[in-house]
Structures are given as C-alpha cells and as structure tokens.
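Welcome! Let us walk through this structure together, one piece at a time.

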Amino acid sequence: MKTLLLAMLLVVAPLASGDARYPPQSIYNLNAKLVDQSGAARGLDMHRGHPALVTMFYGSCPVACPLLVDTLRSFERSLTPAERARTRVVLISIDPERDTTEALATLATTRKIDLSRWTLVHTDEATVRKIAAVLNIQYRRLPDGSYNHASVISLLTPEGEIAAQSSMLGKADERLVASLRAL
C-alpha cells in the first residue's frame, strides 16, 4: 500500500531536481520546499548521505510532541558516538500557520536542540499533506487549533528510503536502533 501511495504521489509531484538521483522508493523524490529554523530553504534531501530519523510534530503540542523529542534523544543516547555523529534528525511541522521560522528557532533554543545534527522545518499545508502520506502519518486539526496526530518516527537510509518505522514513545525502539546499525 505504501509503495502504491508513494508511486501515485511521485506521478503528481515531479522530482525535486528533474533527474533520477534517488532510488524509486526514496522520499527524496518528493518535490518539497521546506524552510528550516534559521530561515534557510531546504529540500527533503537535506541530509542525503546520512541515515536520518524523521517525524512530524507541531510546536505548541503540550504532550505527544515533547515526548517525540525526548524519544529521539533517547534513541541518540543508545547509539555509539560514531553512530550518533553520522545520524541526522528532522522534525517537520504539521502546523504551518503557527510554526514559523521564528517559532521553530525559539523551540530549538528552549528545548536545547543540537542544530548541528537536528533540523526543524515548516512548509505549506499541501506539502505537509504529501509528506505525511509518504511517511504514513495521519493528522487532523481540531477546532481548538491543536492537532490529533500519529507519532511515528521513520528511519531513512542515506538515499531517503524508509528502512524502519516506530510509534514507540518514551524510549528508544531497539528495532529502530538495530535497523540503523544495519545500514
């Protein structure tokens, strides 16, 4: 099902660079214009060549999203220094209205996020939907402005293929750690 969905999205969304640099199942094939916490324009392939942990969140989330960040930190603590040095983390906002560049920068400072390896990004609503579909993350905005969303962490290969996914929160999922080590 995920393969079919990715294939359908890639027909609608042309390659970011117009060439075939990535394997057919790579999410890096999705044309997504992102903006990071410093205001720099980025593509989904911003960490090409590195394994990457990717999740979707929103900055004003009171419970699940802070726990996602803590889970990613727990994952990093389970790695050797060399594994940690080569791994990147990407948090993609599902709230383009409130998660501006400034809001993401403030969040990074408040949560003491290591921006040498972690990147927080926002984009337009249509692109958020495309990325969420490819990562198999469902979400919806509630009347009060909060979001009901799946908490899924995806491990991407250095070429952007989904190697493993986990919805375990609070501690590192050993299956995800093992998948990273196998890359």
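A good place to begin is helix α4: its buried residues are covered by, among others, β1 (34-36), β3 (52-57) and β5 (118-122). Keep in mind that this is a predicted model. Which residues of α4 are the buried ones? The helix spans residues 101-110, and Thr-101, Leu-104, Leu-107 and Ala-108 are buried. Looking down the axis of α4, you will find these buried residues within an arc of 125°, so they line one face of the helix. A general rule helps here: an α-helix has 3.6 residues a turn, so residues three or four places apart point the same way. On the face of α4 turned away from the buried side, you meet the exposed residues Glu-102, Thr-109 and Thr-110. After α4 comes Lys-112, with a positive phi near 55°.

Now step back to the chain as a whole. It contains six helices and nine strands, and 46% of its 183 residues count as buried. Among the contacts with a separation of 6 or more, 67% link residues 24 or more positions apart.

Next, follow the strands. Seven of them make an open sheet with mixed pairing, in the order β2-β1-β5-β4-β3-β8-β9. At the edges stand β2 (41-42) and β9 (162-166), each with a single partner strand, so one side of each has no neighbour in the sheet. Further in, β3 and β8 pair in the antiparallel sense over three bridges. One residue to look for is Ala-52, whose bridge partner in β8 is Leu-156. Our helix α4 packs on this sheet, where it touches β1, β3 and β5, and its direction makes about 155° with that of β5. Helix α6 packs on the sheet too, touching β3, β8 and β9; the direction of α6 makes about 165° with that of β9.

Finally, look at the nonpolar interior. In soluble globular proteins, nonpolar side chains tend to be buried together. Here the largest nonpolar core has 50 residues, and Leu-44, Met-56 and Ile-131 have the most contacts inside it. At least two residues of this core come from each of β3, α2 (64-77), β4 (88-93), α4, β5, α5 (125-135), β8 (153-156) and α6 (174-182). What does Leu-44 touch, leaving aside residues up to four places away in sequence? Its contacts are Ile-27, Tyr-28, Leu-30, Ala-32, Leu-34, Ile-92 and Ile-131. As for the outside, the chain exposes about 8,600 Å², and carbon and sulfur atoms supply 57% of that area.

Methods:
Residues numbered from 1 in each chain as written. Predicted model: local features only at pLDDT ≥ 70, side-chain atom pairs only at ≥ 80, totals over all residues. Heavy atoms only, no water. Helix = DSSP H or I, 4+ residues; strand = E, 2+ residues; numbered from the N terminus. Buried < 20%, exposed > 50% of the residue type's maximum accessible area, 1.4 Å probe, protein only. Contact = heavy atoms within 4.5 Å. Areas by Shrake-Rupley, 256 points an atom, 1.4 Å probe, with all protein chains shown as cover. Arc of directions from axis to C-beta. Core = buried A, V, L, I, M, F, W, Y, C linked by side-chain atoms within 4.5 Å. Pairing = 2+ DSSP bridges. Axes fitted to C-alpha atoms, helices over the stretch in contact; angles between N-to-C directions.
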